[in-house]
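Hi everyone, thanks for having me. Could you bring up the structure so that we can look at it together?

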Amino acid sequence: MGLITGLLTFPIAPVRGVVWVAEKLNDAADRELHDPAVLRSQLALLNQEFEIGDITLEEFERQEERLLDRLHAARVGPAQIDQR
């Protein structure tokens, strides 16, 4: 980036910074939503909560199904799911 371009685009620099932060947050959220290791640890925690009686069977089954669907989607990839 040249000096003139840098001076002309300087007023929008804070906007670019906010966009960069938003992209990084989105990337981190995507990794957490689709990382099989994170999903397996959430399943283990859910199982512990059910075993000690913190949640009902219905709540356990509902959350387990949601987590297993996300785990399946993370393993096969979004392109293969769309082909069904």
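I'll talk about one helix, and then about a pair of rings.

Before we start, please keep in mind that this is a predicted model.

Let's begin with helix α4, which covers residues 57-76. How far apart are the end C-alpha atoms of α4? They are 28 Å apart, and that agrees with the span we should get from 20 residues at 1.5 Å a residue.

Now, which residues of α4 are buried? They are F60, Q63, L67, R70 and L71. If you look down the axis of α4, these buried residues fall within an arc of 105°, so they line one face of the helix. That face has company: the buried residues of α4 pack against α2, residues 13-34, and against α3. Turn to the other side of α4 and you find E58, R62 and E65, which are exposed. Just after the helix comes G77, with a positive phi of about 90°.

Next, the rings. The count here is one aromatic pair. F50 and F60 form that pair, and the two rings are stacked, 4.7 Å centre to centre with 25° between the planes. Where do the partners sit? F50 belongs to helix α3, residues 36-51, while F60 belongs to α4, so the pair links distant parts of the chain, 10 residues apart.

One last thing: are the two partners buried or exposed? F60 counts as buried because its relative accessibility is 11%, under the 20% cut-off. F50, at 30%, counts as partly exposed.

Thanks for listening, and do ask me anything!

Terms used:
Residues are numbered from 1 along each chain as its sequence is written. This is a predicted model: local features need pLDDT of at least 70, side-chain atom pairs count only at pLDDT 80 or more; totals for chains, interfaces and linings use all residues. Side-chain values use heavy atoms; hydrogens and water are left out. Rings of Phe, Tyr and Trp (its six-membered ring) pair if their centres lie within 6.5 Å; planes under 30 degrees apart count as stacked, over 60 as edge-to-face and the rest as tilted. Helices (H or I, at least four residues) and strands (E, at least two) are DSSP runs, numbered from the N terminus. Buried means under 20% relative accessible area, exposed over 50%, partly exposed in between (1.4 Å probe, protein chains only). The expected span of a helix is 1.5 Å times one less than its number of residues. The arc is that of the directions from the helix axis to the C-beta atoms. Contact means heavy atoms within 4.5 Å.
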